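Work through the exercises below with the sequence and the model at hand. Each task is followed by a solution in steps.

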Amino acid sequence: MKEQLQHVKKDFLHLVAKVTDRDALEQLKTEFLGRRGKLNAAMKDMASLAQEERKLVGAMVNEVKEAIETAYAEAIEMASKASLASKASGEWIDVTQPEMTSHPKGHLHPITQVREDLEDLFTSMGFIVADGPQMESDFFNFTALNIPPTHPARDMQDTFYVKGHEGVVMRTHTSPVQIRGMREYGVPLRMIVPGRCFRNEATDVRHEHTLHQIEGVVVDRGISFAHLKGVLEAVGKHLYGQETKIRLRPKFYPFVEPGVNGEVTCYLCKGDGCRLCKKSGWLEVFGAGMIHPNVLREGGVDPQTHSGFAFGFGLMRLVMLKYGIDDIRLFESGDLRFLNQF
Ligand code: DAH
């Protein structure tokens, strides 16, 4: 019987070494330790043994059982490790994939924020939002806007000329899109043109070589100065509050007649006069006027039947006034210490 027991143990150890599958291991264990298993079979005649002998055999049974159980536990552990490893080897890891940890989210540039806000305002008043080239022909940028090659107004808007491309400039304002818009869409027309412009500036806190403007154009039958004032007032109130007032003072721009400077009551002192408005109570915001007949004609519009107004303003100045920013160069600096404040 002792021999039989030793056989049971040997057989199990021999077999268990060959099995790596969990289910098969369990089955093997049942085969040996189960109620009808090999160990019980080997113990079948135990009852007939003498007491002394039975004690010895009993101890041996325990020893065999323990050995089987230990071997089984070890085999199970190895099997689960192996199955994990084989699963992992079937998996594919892209080491070039960006890490999934969260990155700080950026946000829109303050100029973009104000531009989008104004686009919403103007589209709510029936304006379309148009675009035009930043590298523009001399013709659209100047000549078609009633600024012929010898006109002194060209001096006010010195820009960057493109080497090897006669007659091409970086646009100095969004006004050339007045002509393009009229030609493209005809009349009646209600259009704004936000966009980047360029000037040959010696940069300082108030001057930058790259600037952002919004141009506005309305052309239809019977458009008057009153319409212009109404629109500018709506914009002023939207930007600086309902109590904002507007005033228009004569100013020369070659592409309008008459031309005006649009001013709003200083939002800081409400018109009393302060440092921001240089004690005047007013802030200059818009250039505007009734579109010059020559400009209408360049746009393919008959000044006998139609009239229109146009306005233009610098977005940077609006943002500077709104947030009290004192250096225009910060906008294009890409400096996060500045940008993160908005
Ligand atoms: N283009 C002018 C500038 O850049 C601004 C301007 C003035 C636009 C009068 C207009 C206007 O449409 O009517 O200084």
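The exercises cover the ligand site, the sheet, one loop residue and some backbone geometry.

This is a predicted model, in which local features need pLDDT of at least 70, side-chain atom pairs count only at pLDDT 80 or more, and totals for chains, interfaces and linings use all residues. Residues are numbered from 1 along each chain as its sequence is written, and side-chain values use heavy atoms, with hydrogens and water left out.

**Exercise 1. Describe the surroundings of the ligand.**

Step 1. Collect the shell, taking a residue as near if one of its heavy atoms lies within 4 Å of the ligand. The shell holds 16 residues, the closest being His173, Ser175, Arg199, Gln213 and Glu215.

Step 2. Sort the shell by class. There are six nonpolar, eight polar and two charged residues; here Ala, Val, Leu, Ile, Met, Phe, Trp, Tyr, Cys and Pro count as nonpolar, Asp, Glu, Lys and Arg as charged, and the others, Gly among them, as polar.

Step 3. Look for N or O atoms within 3.5 Å of one another, the cut-off for a polar contact. Polar side-chain atoms of Arg199 and Gln178 lie 3.0 Å and 3.1 Å, respectively, from an oxygen atom of the ligand. For Ala310, a backbone N or O atom is 3.2 Å from a ligand oxygen atom.

Step 4. Compute the cover with the Shrake-Rupley method and a 1.4 Å probe. The ligand taken alone exposes 350 Å², of which the protein buries 92%.

Step 5. Assign the shell to elements, which are DSSP runs numbered from the N terminus (helices: H or I, at least four residues; strands: E, at least two). Strand S5 (210-220), strand S8 (282-291) and strand S9 (307-314) each give two or more residues.

**Exercise 2. Lay out the sheet and find its edges.**

Step 1. Pair the strands, requiring at least two DSSP bridges between them. The result is an open sheet of seven strands with mixed pairing, in the order S1-S4-S5-S9-S8-S7-S6.

Step 2. Read off the ends. Strand S1 (128-129) and strand S6 (246-250) each have a single partner strand, so one side of each lacks a neighbour in the sheet.

Step 3. Examine one pair. S6 runs antiparallel to strand S7 (residues 256-265), with five bridges; Arg247 has Glu263 in S7 as its bridge partner.

Step 4. Add the helices, with contact meaning heavy atoms within 4.5 Å and angles running from 0 to 180 degrees between N-to-C directions of axes fitted to C-alpha atoms, for helices over the stretch in contact. Helix H5 (residues 110-124) lies across S1, strand S4 (189-198), S5 and S9, at about 170° to S4. Helix H8 (residues 176-185) touches S1, S4, S5, S8 and S9, and its direction makes about 140° with that of S4.

**Exercise 3. Which residues does Asn146 touch, not counting residues up to four places away in sequence?**

Step 1. Locate Asn146: the loop between helix H6 (138-141) and helix H7 (153-156).

Step 2. List its contacts: His151, Pro254, Phe255, His292, Asn294 and Val295. With Asn294, the side chain of Asn146 forms a polar contact of 3.0 Å.

**Exercise 4. Find backbone exceptions.**

Step 1. Recall the background: most peptide bonds are trans, and most residues other than glycine have a negative phi.

Step 2. Check omega. The bond between Val187 and Pro188 is cis, with omega about -5°, and Pro188 sits in the loop between H8 and S4. The bond from Glu257 to Pro258 is also cis, with omega near 0°; Pro258 belongs to strand S7.

Step 3. Check phi. Lys278, not a glycine, has a positive phi of about 50° and lies in the loop between S7 and S8.

How values were computed. Polar contact = N/O pair within 3.5 Å; in protein donor to acceptor, adjacent residues only side chain to side chain.
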